[in-house]
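I opened my notebook for a fresh look through this one. Here is what I looked up, in the order I got to it.

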Amino acid sequence: NEKEGVLQNMAVLVSSGKTGRIGRKLPVPDNATVVDGTGKHLTAGIIDEHSHIAVARSVNEGTQESSAEVRIGDVLDSEDIDIYRQLAGGVTSSHLLHGSANPIGGQTQLIKLRWGAAPEDLKFQNWPGFIKFALGENVKQSHWGDDFRIRYPQSRMGVEQVYMDYFTRALEYGKLKKSGKVYRKDLDLEALLEILENKRFITCHSYVQSEITMLIRIADKFGFKVNTFTHILEGYKVADKMAKHGAGGSTFSDWWAYKFEVYEAIPQNAKMMTDRGVVVAINSDDAEMARRLNQE
């Protein structure tokens, strides 16, 4: 995985769960467990940027346009068998995301896949907090049925206005906090204020170029960066804008055509974004696919 390329016939010393020295003839500590890897191929652990495993009950809180106050870290399920299965496929870290039911979703949780550990022991320590945003058909409830035609927004233009309204409110909330006046703590706006202060970062469910461009423009207007566009199946159309903004792309290797807004996805997407200077990852978004991320 480094500039030296594939290293043949090497020994690797692992201590306290971390890779230490790599060389041809390493001294073996007396208390070491020796694993014969002859004929096998060793890689770094795989990081899954977009996962929904190990979450108890439901992953969505879609009853309002913003649920920035809810936290995936509060509902971890350490006994989910997917942790075991995905470890077997080489995944060692997973970014557990809120669902894509609303423009501003819940706070995410980064975990190490430690089978047999308690929920709190799965969590990464001292990691920069993230939050899930979403665009497109899911957000405007295109396929939710007639019983779901009440909650705002119901259109793509409404989604844009949600971001404008909430970040404007977050700015005002931040000014009030600094003013010294008495204020009521708002957990929703606290999370959004962290984005504006570069203390919390966004991973955004996204598909079509118009909405990707829209969110980049809003971020530029309010002075923050979108860390990651996930799915990003039309990223190849706006890769230059993503690179200029500094956003990464987390996409699928060949998963598309499952709804209208993914019809223009192409298999060259990841390569084209990479060629334009975007940092690109392949994610799962699916418990079964994550077992085979080494192949994806």
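**Strands, cores and odd spots**

I began with strand 9 (residues 228-231) and strand 10 (residues 248-251), which pair in the parallel sense over three bridges. Within that pair I found Thr230 bridged to Ser250 in strand 10. I keep in mind that this is a predicted model.

Next I asked which sheet these strands sit in. I found an open sheet of six strands with mixed pairing, in the order 5-7-8-9-10-11. Strand 5 (104-107) and strand 11 (280-282) are at the edges with a single partner strand each, so one side of each has no neighbour in the sheet. I noted an average twist of 25° from one strand to the next.

Then I turned to what covers this sheet. Helix 3 lies across strand 5 and strand 7, and I read its angle to strand 7 as about 145°.

How do helix 3 and helix 4 pack? Their axes are 9 Å apart and the angle is about 90°. Angles of 65 to 115 degrees count as roughly perpendicular, so I logged helix 3 and helix 4 as roughly perpendicular to each other. On the helix 3 side of the contact I listed residues including Tyr166, Phe167, Ala170 and Leu171. They belong to a set that meets helix 4 residues, among them Leu189, Leu192, Leu193 and Ile195.

I looked up the nonpolar cores after that. The largest has 39 residues, and those with the most contacts inside it are Ile104, Phe133, Tyr163, Phe167, Leu192, Phe224 and Phe229. Two or more residues each come from strand 7 (129-134), helix 3 (156-179), helix 4 (187-196), strand 8 (200-206), helix 5 (209-222) and helix 6 (239-245). A second, separate core has 14 residues, including Ala54, Ile83, Val91 and Ile111.

I picked Phe133 for a closer look. Neighbours within four places in sequence aside, its contacts include Ile104, Tyr163, Phe167, Leu192 and Ile202.

Strand 4 came next. Why did I log strand 4 as largely enclosed by the rest of the structure? Five of its six residues (91-96) are buried, so the surroundings largely enclose the strand. Strand 3 (residues 46-51) pairs with strand 4 in the parallel sense over four bridges, and Ile46 has Val91 as its bridge partner. I traced the chain from strand 3 through helix 1 (residues 81-88) to strand 4 and found a right-handed β-α-β crossover. Strand 4 also pairs with strand 6 (residues 109-112), in the antiparallel sense over four bridges. There, Ser93 stands opposite Lys112.

Is Gln109 buried or exposed? Gln109 is in strand 6 and is buried, at a relative accessible area of 7%. Residues up to four places away in sequence aside, I found that Gln109 touches Ile72, Leu76, His95, Phe124 and Trp127, among others.

Last, I checked the backbone for oddities. The peptide bond from Tyr152 to Pro153 is cis, with omega near 5°, and Pro153 is in the loop between strand 7 and helix 3. I also found positive phi values at two residues that are not glycine: about 60° for Asn126 and about 45° for Ile232. Asn126 is in the loop between helix 2 (119-122) and strand 7, and is exposed at a relative accessible area of 80%. Ile232 is in the loop between strand 9 and helix 6, and is buried at 0%.

Technical notes:
Residues are numbered from 1 along each chain as its sequence is written. This is a predicted model: local features need pLDDT of at least 70, side-chain atom pairs count only at pLDDT 80 or more; totals for chains, interfaces and linings use all residues. Side-chain values use heavy atoms; hydrogens and water are left out. A nonpolar core is a set of buried Ala, Val, Leu, Ile, Met, Phe, Trp, Tyr and Cys residues joined through side-chain atoms within 4.5 Å. Buried means under 20% relative accessible area, exposed over 50%, partly exposed in between (1.4 Å probe, protein chains only). Contact means heavy atoms within 4.5 Å. Two strands pair if DSSP finds at least two bridges between them. A crossover is right-handed if, with the strands pointing away from the viewer, the path from the first strand over the helix to the second runs clockwise. Axes are lines fitted to C-alpha atoms, for helices over the stretch in contact, and angles run from 0 to 180 degrees between N-to-C directions. Angles under 35 degrees count as roughly parallel, over 145 as roughly antiparallel, 65 to 115 as roughly perpendicular and the rest as oblique.
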